[in-house]
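Below is a set of questions and answers on one protein model, written to be read beside its coordinates. Each answer ends on the value or name asked for.

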Amino acid sequence: IFQVGPKKEVAECKEKFASSVDPTVSQTFMLDRVFNPEGKSLPPMRGFKYSSWSPLGCDANGRCLLAALTMDNRLTIHANLNRLQWVQLVDLTEIYGERLYEASYKLSKADTPRGELGDFSEFQRRHSMQTPVRMEWSGICTTQQVKHNNECRDVGSVLLAVLFENSNIAVWQFQLPFLGKESITSCNTIESGINSPSVLSWWEYEHNNRKMSGLIVGSAFGPVKILPVNLKAVKGYFTLRQPVVLWQEMDQLPVHSIKCIPLYHPYQKCSCSLVVAARGAYVFWCLLLISKAGLNVHNSHVTGLHSLPIVSMTADKQNGTVYTCSSDGKVRQLIPIFTDVALKFEHQLIKLSEVFGSVRTHGIAVSPCGAYLAVITTEGMTNGLHPVNKNYQVQFVTLKTFEEAAAQLLESSVQNLFRQVDLTDLVRWKILKDKHIPQFLQEALDKKIESCGSTYFWRFKLFLLRILYQSMQKAPSEVMWRPSHEDAKILISDSPGMGSTEDDQEEGTSKQASKQSVCDTGKGMDIDDTAEDSLPQSSDIGGREPMEEKLLEVQAQIEAVEMHLTREHMKRVLGEVYLHTWITENTSIPTRGVCDFLMSDDGYDDRTARVLIGHILKKMNKQTFPEHCSLCKEILPFTDRKQAVCSNGHIWLRCFLTYQSCQSLVYRRCLLHDSIARHPTPEDPEWIKRLLQGPCTFCDSPVF
């Protein structure tokens, strides 16, 4: 797949090396899957070597990009443009090969020309300089771009560092949102000088409001060092003056994984950077701190963690907790504790065998807010024997209690429910189980709403009420995804070779019934519900009346919160209309209808809204600019925030971001299907396109 020269010449060289009389050439060529990806009798190379997620906000929908490295060494970038549909945006292997081919496989113009392609060492060199080992994304950099009319606009960019087999590093710069090949801004190649590189990570440090960056590279022989990354095109970007060696001994302990965690030093009263690396069965750590004297480096190893090499490591960047695992099913939790000079680690063992039984672990990852630990497992040994088949499973272990998750959501600086979905999942599970919102959470949330009135807390309240409403509804008697138990019983009893007695069949039936009841309980059904269902019909009706009243009460609260959030967003839309329009200008937004809708409720008394509407009505100069039905040209009155109905009965759904009627067959929906939004059109001004890029006003989810 690599472009190492003209196709005809490459084919001739491959034939020459395969039939070489020198076994060091022919055997090396035939057994190396980089040179010989077909492999003939060897198994096909399917699957992925490594993958890396970008930060949030990199694709067109404000979500993550996925960089994937396949087994045949092809590096591609994918995006989730539509719901549950991944699309390949660019093939970086192909683009980088074209760049090297145009530069005659020289990194700079000063490089001396190498040998011909027919030389096996040159053939190997051209492949090794294109074979990716690892790739990692940086954080998002924001710069200001001056337009033709002297207006400044913020332009986001992200960097992707790719480590190659020959120790070179290609740093790609992408403009956001990343759409494809046209979004590539630049590509710079750095020589790391590390023999046999194995792992890569970004070092990002903030000191006195100045952001610094570098690349941490680890070797299979043991050394670890930070390389400066000089990028002239990125403003406000600083790096190191020279490389910093964190560990230099060639002790043959390969570096498997590197994590960089930003922390605050309580004794030095400044920010610092903690770098942890898995080396064999040990964890190497290095504390980097910038003071007046320069860059201070403290490093050491944590030993006695595992009896086998560490196969995976992950870190919670919010509190600095590090998790490591070995293949024997043991996970260690390392908590950094600062001292006067540096720090120390307290670690405790998490035995997965106590939770999942005998398992082998292959990898771990912590959720963005530290609520869950995901573990990839297979069956362990049974009676001293390995399993015949491997069934890979992703298991989830909760790391926080419901109280901790609720407190973190209340004190969050992110103020976005979608970006804290792991914490909201813990809260959802608790409410579904207990069928009520805890009193302490309700009181704390009401205080937050009264004190600051942020729409984030209103959205959090709406989330709690919806989950409460869901928990109070009666579960359906038949779950669509669950297989039929009756069919399974018939197949078992009628299968040949089964000499079951009637007692055995009755026992099996009772076991299956007990499993079903446990499963129902786990999904939120209570024992009291089943008891109510078994009562006579008269008492059943009497017991359900209070439940129906509670459901109606919760539903009324949900509608009240939704209406409050709608009004707040309407005020924001009207503010944009006021700032970006001249007198009597038709903006295609039903401005007069939104104003009338806000003022239609006598109980709604918002002075800010009244003043804003007064200024807008003066600008409109008694003009209404109503919307018209595209089918019959009748006026579409603004009487409902969700839909518009003309006098002939044609119904159009309204966009929840601009409140325009979506008069097309194609529109977008938020991830949780709360609301719908229209697609931007070329005629829309920039401020309307900016409104259409916003998340759902009810659940913070992106819109597809």
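Q: Is Asn73 buried or exposed, and at what relative accessible area?
A: This is a predicted model in which local features need pLDDT of at least 70, side-chain atom pairs count only at pLDDT 80 or more, and totals for chains, interfaces and linings use all residues. Residues are numbered from 1 along each chain as its sequence is written, and side-chain values use heavy atoms, with hydrogens and water left out. Buried means under 20% relative accessible area, exposed over 50%, and partly exposed in between, with a 1.4 Å probe and protein chains only. Asn73 is therefore buried, its relative accessible area being 2%.

Q: Where does Asn73 lie, and what is its phi?
A: Helices (H or I, at least four residues) and strands (E, at least two) are DSSP runs, numbered from the N terminus. Asn73 sits in the loop between strand 2 (65-70) and strand 3. Its phi is positive in a residue other than glycine, near 65 degrees.

Q: Which residue in the loop between strand 9 and strand 10 has a positive phi although it is not a glycine?
A: The loop in question precedes strand 10 (197-207) and follows strand 9. The residue has a phi of about 50 degrees and is partly exposed because its relative accessible area is 34%. It is Ser196.

Q: Which residue in the turn between strand 3 and strand 4 has a positive phi?
A: Strand 3 (residues 75-82) and strand 4 (residues 85-91) pair in the antiparallel sense over 5 bridges, where pairing requires that DSSP finds at least two bridges between two strands. One bridge joins Asn82 to Gln85. The two strands form a hairpin with 2 residues between them, and the turn residue with a phi of about 60 degrees is Leu84.

Q: Which proline is joined to Leu176 by a cis peptide bond?
A: The omega of this bond is about -5 degrees. The proline is found in the loop between strand 8 (168-175) and strand 9 (184-191). It is Pro177.

Q: What separates the C-alpha atoms of Trp285 and Trp247?
A: Trp285 is in strand 17 (residues 282-291) and counts as buried because its relative accessibility is 7%. Leaving aside neighbours within four places in sequence, its contacts (heavy atoms within 4.5 Å) include Leu274, His298, Ala342 and Phe345. Trp247 is 38 residues away along the chain, and the C-alpha separation is 9.8 Å.

Q: Which helices do the buried residues of helix 6 pack against?
A: In helix 6 (residues 402-410), the buried residues are Phe402, Ala405, Ala406, Leu409 and Leu410. They line one face of the helix, because seen down its axis they fall within an arc of 135 degrees, taken from the directions from the helix axis to the C-beta atoms. Their partners are helix 7 (421-434), helix 8 (439-451) and helix 9 (455-472).

Q: How far apart in sequence are the parts that Lys448 and Glu411 tie together?
A: The side chains of Lys448 and Glu411 meet in a salt bridge (a side-chain nitrogen of Lys or Arg within 4 Å of a carboxyl oxygen of Asp or Glu), at 3.2 Å, N to O. Lys448 lies in helix 8 and Glu411 in the loop between helix 6 and helix 7, so the pair ties together parts whose separation is 37 residues.

Q: Are Arg654 and Glu627 buried or exposed?
A: Their side chains meet in a salt bridge at 2.9 Å, N to O. Relative accessibility is 2% for Arg654 and 11% for Glu627. Because of these values, Arg654 and Glu627 both count as buried.

Q: How many salt bridges does the structure hold?
A: One of them pairs Arg678 with Asp684, the closest N and O atoms being 2.9 Å apart. Glu122, Arg125 and Arg126 are linked in a network of salt bridges. The count for the structure is 18.

Q: What accessible area do Ile376, Tyr392, Val394 and Phe396 have together?
A: Phe396 is in strand 25 (residues 393-398) and counts as exposed because its relative accessibility is 56%. The four residues form a nonpolar patch on the surface, with a combined accessible area of about 430 Å². Patch members have over 30% relative accessible area and no salt bridge; like charges are joined within 9 Å, nonpolar side chains (Val, Leu, Ile, Met, Phe, Trp, Tyr) within 5 Å. By the Shrake-Rupley method with a 1.4 Å probe, and only the protein chains shown as cover for residues, the area is about 430 Å².
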